[in-house]
Amino acid sequence: MTGLGRREKLPTGNTFAGVPCLLKLVTRPTAFQSLWRMIWNRCGDQILTFASVLLGLYGRGGVMSEYNTNLVTLGGDFRFENASEVYRQYRNYKAIMNYVAANNNSYSGANLKFSTLADYFDEIPRKRRLILKGDFFPYCDLSKFKMDCWTGYYTTRPFYKKLSRMVDNSLRATEIFFTLTINRMDDELNKIPKFVKLYRKLIRARRNSALFQHHDGITGTSKQCVMEYYKKSLLASLDDLKFIQKTCISMYFNVSLSDIDEEILVPAKLIIFNSLAKVVNADVSVNISSPYVSVSHCGSEVDHQIVNQQGFSGKYNLILYPTLPPLSVTIFDLYPTSTPRQCLNTIPITERTFKLINQQQKLYFIDGLLNFIEMNGQLYRTILKLKGYEPVAGDSGAYLFRPYCSHIWSTDRTYGIVTALGGQLYDEVSTKFLYATLTTRLYKYGELASLVELSIESLYLTKNIELTMELITDMNDDAKWYTDVNDFHFRQRMYAENLCIAANYYPMSSIVYIENEIWRLALVADHSHGTCYCDGHLEIMLNRRISTDDGKGIGEGITDNSTVVSKFYLLIENSSCPTTRLFSVSKILNNPLITHLLKNNQTLPSLYFLDSLLDENIHLLNFRTLSKNLNYPSKEALLILQNYHANETLQPFQSETPFIGLRENKIVSATITGIKTIKDIDSFDEIKILPSTLTTLKISF
């Protein structure tokens, strides 16, 4: 629809190009709902009233535009629910348009018509177009003479956000191994009942994951009963995916598997699947019934650590810290020993200040909270605090974030219960407060030794509070602040000092970092959060409980909080280092190793699916089997690769056949859905991926 420049009066020659939307512009709901719900008399005074009000609204909306053309969209969350509504909407608007056209002189030559986005941009002179690069975060609007900031949903119901991430990561790993498994089958896949059954479970998991990406699902802004349905579906999908993994491993290796969730009785063999196309050095935890256990691989002892399960006497966790080849299945032997080895022991704390040390860094603590990190002789201020805002009743809710300025709770005002534990793999400090338990872990060696692992268990909240974590650094005002966009690339964020803190919150899918000319501090998360930065203070929202509705559609507060653990990797590096390492760390955190247990201690060799390493900036996003006749697996799969380097075009494969044992007949580059093909490819080493781009290959077996 057409804008009116800066003029209130309708000028001659205006063009209203677009489909009008009354849902957010109109203040007389009874009259305007009839445009899509009622059959009304489109003659005489009634249509004159509608036409006059519509053009008046569009005219006032045009004041905010520099052009004489204004586009007004039509629709909303609950519009066009049935065909009759669509028909009435179109017929009634068409009647108004015809009336305005027939009485053009009475409306100063205004022209009202349906249109597309292309029609709108054709009306605007190309040289005068304003271009926005970036996203629309944070979104704010005016309501009752105050600014409503739609930044609360970045963190609302974090349990569901983490559960969704777990399903997505398990789905990716399952898709990859399922494709590798069916590639070995010579028979027609739709003649194998077991594969058809597995594939239907896989489709159901895909659909449940996709359903939760609804704008009131992943945001946590549906009613409690709807969120419970999402939870039930996602948990069922996790069970289905675990069943698919076990069945595929059994079929691939012709072995039987036991339940990994039960206590493991030694001797036993663990199967660990690394779904990443890179060497991974990460930890794995399994339940064991006795501390008299040791671990080996190919006859060599593997570093491990045994931990008592908190609150359970006589139950233990076995922590492995292996280095695994890319895209591989590795076998580990668990065997009994005569004495308990490598247990996690309590570190006595006699003073308020203490430190943890490994070969790469030193962590300094005060009252159980991290305060400084020393690396390469340089001391970095990293004061860690937990705080809680008091939400404004009726203004802060599932969608909106609107706190009172002062904190109602802070670790500055209270002391926690501090416990320090040490072992061969890592040392950790755990501090329990009223609303959360913070655990800081420092690995002794390996890839994780350059990071600091932070685990914050936000406990069940019974009081209205918006729980945050704050990191205080000594960076000056010249520091820059970035968040990731869907773990794909980074976007710089700005703090507007004239606006409240709620209007300065931005979403982080996985990564946030701040840097100056010398150093960079980054946090990599295992699920999405809201975050804010100002004057050296980096703040991340952890959990929210609000008993009142914010008036934006949900109709109830957020009181169904669950205990959830938010896990972060904190790392400090030189600002000249490429940020691609952050993506690599994120892939390790968000794609945990898949672990299963062999039944009856059967013999099984390790297996490797890649003959060479991919470029370190290439991520194997997925390798998913395509459908044939909806519910049947086909002999085609999509290999999706991501180049997360911002400036370089990369060649992911160095050989013609990088996948060991993969029987490919044809390779075609395609769109990300695989629906449209682009060109044939003779071999894998021909492939090149542009910076910050996805490339999809359709492979026929």
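What share of the contacts in the protein with a separation of 6 or more comes from residues 24 or more positions apart? The answer is 72%. Keep in mind as you browse that this is a predicted model. Here is a quick tour, from the overall fold down to individual charge pairs.

**Overall build**
- The protein contains 41 strands and eight helices.
- Its radius of gyration is 29 Å, which agrees with the value near 27 Å for a compact globule of 701 residues.
- Along the principal axes, the C-alpha atoms fill a box of roughly 100 × 70 × 45 Å.

**Inside and surface**
- Of the 701 residues, 54% are buried.
- The exposed area is about 31900 Å², with 51% of it supplied by carbon and sulfur atoms.

**Charges and salt bridges**
- There are 75 positive and 69 negative charges, and their mean positions lie 7 Å apart.
- The salt bridges number 26.
- One of them joins Lys-201 and Asp-240, with 3.5 Å between the closest N and O atoms. Lys-201 sits in helix H6 and Asp-240 in helix H7, so this pair ties together parts 39 residues apart in sequence. Lys-201 is buried at 16% relative accessible area, and Asp-240 is buried at 11%.
- Arg-544 and Glu-466 form another salt bridge, at 2.7 Å from N to O. This pair links strand E33, home of Arg-544, to strand E26, home of Glu-466, across 78 residues. Both Arg-544 and Glu-466 are buried.
- Arg-520 pairs with Glu-515 at 2.9 Å between the closest N and O atoms, and both residues are buried.
- A network of salt bridges links Asp-141, Lys-146, Asp-148, Asp-395, Arg-402 and Lys-552.

Note on methods: Residues numbered from 1 in each chain as written. Predicted model: local features only at pLDDT ≥ 70, side-chain atom pairs only at ≥ 80, totals over all residues. Heavy atoms only, no water. Helix = DSSP H or I, 4+ residues; strand = E, 2+ residues; numbered from the N terminus. Rg over C-alpha atoms; globule rule 2.2 N^0.38 Å. Buried < 20%, exposed > 50% of the residue type's maximum accessible area, 1.4 Å probe, protein only. Contact = heavy atoms within 4.5 Å. Areas by Shrake-Rupley, 256 points an atom, 1.4 Å probe, with all protein chains shown as cover. Lys, Arg positive; Asp, Glu negative; His and termini not counted. Charge placed at Lys NZ, Arg CZ, Asp CG, Glu CD. Salt bridge = Lys/Arg side-chain N within 4 Å of Asp/Glu carboxyl O.
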